[in-house]
Amino acid sequence: MRISSENIHQGYIAAFGSALLLSLTSIFISYLNIHYKIPALVLAFWREFFVAILLLIGFTIFKSKIYKGLREQIIYLIAYGFVLALFNALWTISVILNGAAVGTVLAYCSAAFTVLLGWLILKETLTFSKVIAVILSLLGCALIVNAFDSSAWDINAVGMITGVLAGLFYAFYSLMGRSASQRGLNPWKTLFYIFSIAAVFMLFFNLFLGRYIPGGAEKVTEMFWLGDSIKGWGILFLLAAGPTLMGYGLYNVALNHLQSSVANLIATIEPVFTAATAYFVLGEVLSFWQILGSLLVIFGVFIIRLNPKRHV
């Protein structure tokens with residue numbers, strides 16, 4: 001199917017918008033961790049739950065038939081939701097075990113995974129520009145989060161494996177998003193299905209495996225960690241309603257118009273937006289290496305943008 005230049009342009013806009021919104025999640029999550037010490041997997045469950053509820057309300061208001069065609073795709077959507085749940089679980093555990101800097105770099109090894117798996121599984125083009133973009137993006141992300149500081153890599157084998165697996169499942173999430181587009185599934189309805197399913201899996205992880213997983217709920221009452229804190233629940237709700245819902249939604253929209261490898265490469269610009277937010281909102285000063293890293297990521301994205309029609 002031939003995709004118009006306008007649709008390609010919309011795909012790039014959606015991908016950049018997704019990266020911008022998702023970059024804001026760290027501000028909300030850091031605040032909740034610092035002020036409420038909420039377990040990571042408990043937080044992940046409520047994010048997924050609130051996103052599903054918000055989408056259900058939206059579809060109800062606009063009288064959208066969300067269950068039309070569900071039966072034919074149910075097995076696929078369960079697998080897709082499971083991948084999302086595993087990615088969120090592995091990502092949060094990786095951050096706990098490795099720290100934010102190393103966890104971020106390991107997660108963005110997904111760019112390389114997505115390029116390779118997209119070529120092998122979805123028959124996406126493997127171009128020289130993609131390879132260069134992957135190298136520049138990984139190097140840039142490493143500079144932004146100061147991953148070349150040897151102390152940041154003082155981690156155990158379990159932490160390293162968890163971080164790499166988080167990147168691998170992020171790649172699987174991107175591939176399945178592209179596959180959903182090829183199946184003709186609406187990106188927003190797909191988002192509702194997979195976040196609902198992921199919430200169920202995350203609830204299972206917490207209630208039955210929480211005592212064995214870092215950041216999980218050790219008992220049922222910990223699922224309501226925030227208690228009667230209206231402010232805490234409000235911030236968690238805003239995290240779900242803003243960066244999570246719109247960030248993932250726009251990423252799914254981008255996958256409707258772009259190859260999974262291209263959308264994932266553009267997503268690596270997220271740390272650039274995070275660093276910029278920290279500078280303008282929190283007053284954090286960017287180092288020379290962070291600025292250089294940002295430029296490398298931007299240049300990597302620019303390279304694949306030079307010939308967009310080869311990447312749809």
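**View 1. Lys123 sits just after helix α6.** In this predicted model, Lys123 takes a positive phi of about 60°. The helix before Lys123, α6, covers residues 110-121.

**View 2. Several residues of α6 are buried.** Ser110, Ala111 and Thr114 are buried in this helix. So are Val115, Leu117 and Gly118.

**View 3. Helix α6 packs with helix α11.** Helix α11 spans residues 260-267. The two axes lie 8 Å apart, at an angle of about 170°. Angles over 145 degrees count as roughly antiparallel. α6 and α11 are therefore roughly antiparallel to each other. From α6, the contact uses Ser110, Ala111, Thr114, Val115 and Gly118. From α11, Ser260, Ser261, Asn264 and Leu265 take part. By class, this contact has six polar residues, three nonpolar ones and no charged ones.

**View 4. The largest nonpolar core has 63 residues.** Seven names stand out here: Leu32, Leu77, Tyr173, Leu191, Ile194, Leu236 and Tyr248 touch the most other members. Helices α1, α2, α3, α4, α8, α9, α10 and α11 each supply at least two residues of this core. Helix α4 gives the most, with 11 residues. In soluble globular proteins, nonpolar side chains tend to be buried together.

**View 5. Tyr173 touches residues from elsewhere in the sequence.** Leaving out residues up to four places away in sequence, Tyr173 touches Tyr80, Val83 and Leu84. Tyr173 also touches Leu191, Ile194, Tyr248, Tyr251 and Asn252.

**View 6. A second core is separate.** This core has 10 residues. Among them are Val253, Ala254, Leu258 and Val301.

Methods. Residues numbered from 1 in each chain as written. Predicted model: local features only at pLDDT ≥ 70, side-chain atom pairs only at ≥ 80, totals over all residues. Heavy atoms only, no water. Axes fitted to C-alpha atoms, helices over the stretch in contact; angles between N-to-C directions. Helix = DSSP H or I, 4+ residues; strand = E, 2+ residues; numbered from the N terminus. Parallel < 35°, antiparallel > 145°, perpendicular 65-115°, else oblique. Contact = heavy atoms within 4.5 Å. Nonpolar A, V, L, I, M, F, W, Y, C, P; charged D, E, K, R; others polar. Buried < 20%, exposed > 50% of the residue type's maximum accessible area, 1.4 Å probe, protein only. Core = buried A, V, L, I, M, F, W, Y, C linked by side-chain atoms within 4.5 Å.
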